[in-house]
Amino acid sequence: MSLLQQNPADATFGRGGDEPYARALRDGAAGRLELREAGRSGSTALLDLDVTKWSADADEVDRSLLRHAPGPVLDIGCGPGRMVRAAGEYGLVALGLDVSPEVVALARRDGLAVALG
């Protein structure tokens, strides 16, 4: 998936219900989401997000960070809440914060403590 904005001032990446990030997470899209600079074909991606990994459970690297955390955990830019969920599995109090109403709704549907900010 690729996002090309006509005007960088109009960018809504992460802030709207039908923008590419929210749509990819909501629809369970596999693969990568790329954000590129408008008008520059062949430009290097400004953001390259593996949607499948972002939506999956925390991996071993994530868990290694949490195993040594005294808590509580504040996950800023938490997305669908993978670290919030994993922190809870370790008995840590955790709160996620994200700017996307779509991912906050997804996380809350899973019973996670995630706030829109």
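## Around Val114: cores and a parallel sheet

Leaving aside neighbours within four places in sequence, Val114 touches Cys78, Leu95, Gly96, Val104, Ala107 and Arg108. This is a predicted model, and Val114 is a useful place to enter it.

Val114 belongs to the largest nonpolar core, which has 14 residues. Leu66, Val73, Ala87 and Val114 have the most contacts inside this core. Two elements give two or more residues to it: helix 4 (82–89) and helix 5 (101–109). Helix 4 supplies the largest share, four residues. Apart from this core lies another, of seven residues. Among them are Leu25, Leu49, Val51 and Val103. In soluble globular proteins, nonpolar side chains tend to be buried together.

Now turn to the sheet. It is open and built from three strands, in the order 4-5-6. Their pairing is parallel. Strand 4 and strand 6 (114–116) are the edge strands, and each pairs on one side only. From one strand to the next, the twist averages 20 degrees. Four bridges join strand 4 to strand 5 (residues 94–98) in the parallel sense. In this region, Ile76 stands opposite Leu97 of strand 5. Helix 5 packs on the sheet, where it touches strand 5 and strand 6. The direction of helix 5 makes about 155 degrees with that of strand 6.

One more detail concerns the loop between helix 3 (60–67) and strand 4 (73–76). Pro72 lies in this loop. The peptide bond leading from Gly71 to Pro72 is cis. Its omega is near -10 degrees.

Methods
Residues numbered from 1 in each chain as written. Predicted model: local features only at pLDDT ≥ 70, side-chain atom pairs only at ≥ 80, totals over all residues. Heavy atoms only, no water. Core = buried A, V, L, I, M, F, W, Y, C linked by side-chain atoms within 4.5 Å. Buried < 20%, exposed > 50% of the residue type's maximum accessible area, 1.4 Å probe, protein only. Contact = heavy atoms within 4.5 Å. Pairing = 2+ DSSP bridges. Axes fitted to C-alpha atoms, helices over the stretch in contact; angles between N-to-C directions.
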